[in-house]
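Visitor: I'm in my first year and would like to talk through how some helices pack. Can we start with the words I need?

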Amino acid sequence: MKSWHMAPLAVAAALGLVLSGCGGTGGGSRSGAGRGELLVWVDNTRMPAAQQYKKAHPDVKMRIVTIPPDAGYVPTKISLANRTKSGWPDVVFLANPAEAATLASARFGYAAPLDDLVPKSVRDGFTPGSLDTCTFGGKTYCLRNDIAPTVLWYDAKLMKRYGYQVPKTWADYQKTGLKAASEHPGTIVGAVNGKYGAGIYFGSSGCPTRDTLSLTKVHIDLGRSDCTRVADLLQPLARKKAVTSVVPIDPGFAKFGKSDKILMLPAPAWFGDFMFAPAFKVPAGRIAAAPMPTWPGENKPYAGQVGGGAFLVSSHADGRTQQAADLVRWMTTDINLQAKQPTYPAFTAAAKKWGEAKSKDSYYASDPMPALTAAANALRPGFGAVRFEADWQSSFNDTFVKAVDSGGNLRDSLGSWQDKLEAAAKTTGYTVG
């Protein structure tokens, strides 16, 4: 389970952290260039796979270092390496793919374009749109390990008990949510907070809150109808408390699951395994997945994105560049490897294999894979990695979510969010167009 988040203080805090792992320390230590070896930074989840690759390729000298998934950690360490002109990893795993925008920027100069290192035939094998996250100016700077398309999770038992139908449009979703709030007080059909509100509702609608046109230009326009329709959708639901501003990963959210109050929850794919049972305490045989509802005027449902991970190759790898790219390619496309990973693989063939076990999982009320697969192939374009990720989330909470909590006008809050987004974008080196 990997989510996109960057606490404002995380970058500063990361300065005091020390890399530990199989090959010693990273950061300020000498890079692989000094030892003629491939220096690889991965999190604990990816460590066994990296070790497997090392064992299978004895001709490739590798040093593998474990790094924490903390937001801001990798950019901080790369910044230190830039100052000392040493210590760059040849390969790095990002638990927060938005950081690719920082690492590929001219200021950092770390990430190497992969277009000439990984064949197009291989890149085309990834889920459509999944590599758009870190494609800037027509150049691809990452390979995605996993993705987090959003689906409409729902409690099949409650749906049947209440006599409701799973909504196929957002209009029906709103009607069902208001009905549930009236007939079964305390029942929720969604959560709006930080990335869970901005990435799910605004992301699936196509509202341009972070459309990356290049590494230096971003498009933000919250006055468009694909933004205001989200506010109009959520306004009555917020007033009736049918959507909550409690963060789903907050322990307090579990009260909804324990008391049978989660009727529906638009959420990323990884919620199926990592949230409903262990965190929300929803018993087996109740949770099912449906495609995201369809927005007005459109003939297909689009998915938002909340999570996923990515691999980058260093521009400092020199003679090890192709070796680094080959490792990244294997880590993200090996079907047997990816089929065993915990979250939805970005590589299409691996996702199909991964889904075989998911389809047989007795926890679910029905096979979730049709909905998950459809969502993975319907990622809404325009949701790019940006250097103002932390402010993107905090500004949403300071404006839109604040209006939800206070009973304010959600449409009116979009103007304030726009202003904060533009300011954050300009502060991080973007022009807003």
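Guide: Axes are lines fitted to C-alpha atoms, for helices over the stretch in contact, and angles run from 0 to 180 degrees between N-to-C directions. Keep in mind that this is a predicted model.

Visitor: Which value do the axes of α17 and α18 cross at, and how close do they come?

Guide: Helix α17 covers residues 389–406, and its axis comes within 9 Å of the axis of α18, crossing at roughly 165°.

Visitor: Why give both an angle and a distance?

Guide: Two packed helices are described by the angle between their axes and the distance between the axes.

Visitor: So what is the direction of α17 and α18 to each other, roughly parallel or roughly antiparallel?

Guide: Roughly antiparallel. Angles over 145 degrees count as that, and the crossing here is at roughly 165°.

Visitor: Left-handed or right-handed crossing?

Guide: The crossing of α17 past α18 is right-handed.

Visitor: Which residues meet there?

Guide: On the α17 side they include D391, W392, F396 and T399, and on the α18 side they include L410, S413, W417 and K420. Sorted by class, the contact of α17 with α18 has ten nonpolar, four polar and three charged residues.

Visitor: Let's pick S413. Where is it?

Guide: S413 sits in helix α18, which spans residues 410–427.

Visitor: Buried or exposed?

Guide: S413 counts as buried because its relative accessibility is 7%, and the cut-off for buried is under 20%.

Visitor: What does its side chain have for a polar partner?

Guide: A polar atom of the S413 side chain lies 2.7 Å from the backbone oxygen of L410.

Visitor: And which residues does S413 touch farther off in sequence?

Guide: Leaving out residues up to four places away in sequence, S413 touches T399, F400 and A403. Those three are among the α17 residues that meet α18.

Visitor: Back to α17. How does α9 cross it?

Guide: Helix α9, residues 194–205, has an axis that comes within 8 Å of the α17 axis and crosses it at roughly 85°. That is why α9 is roughly perpendicular to α17.

Visitor: Who meets whom in that one?

Guide: From α9 there are G194, K195, G197, A198, G199 and F202, and from α17 there are W392, Q393, F396, N397, F400 and V401. By class, this contact of α9 with α17 has six nonpolar, five polar and one charged residues.

Visitor: New topic: L39. Where is that?

Guide: L39 is in strand β1, residues 38–42. With 0% relative accessibility, L39 counts as buried.

Visitor: How far is L39 from G87?

Guide: Their C-alpha atoms are separated by 8.8 Å, while L39 and G87 are 48 residues apart along the chain.

Technical notes:
Residues numbered from 1 in each chain as written. Predicted model: local features only at pLDDT ≥ 70, side-chain atom pairs only at ≥ 80, totals over all residues. Heavy atoms only, no water. Helix = DSSP H or I, 4+ residues; strand = E, 2+ residues; numbered from the N terminus. Buried < 20%, exposed > 50% of the residue type's maximum accessible area, 1.4 Å probe, protein only. Polar contact = N/O pair within 3.5 Å; in protein donor to acceptor, adjacent residues only side chain to side chain. Contact = heavy atoms within 4.5 Å. Parallel < 35°, antiparallel > 145°, perpendicular 65-115°, else oblique. Left-handed = near helix turned anticlockwise from the far one by under 90°. Nonpolar A, V, L, I, M, F, W, Y, C, P; charged D, E, K, R; others polar.
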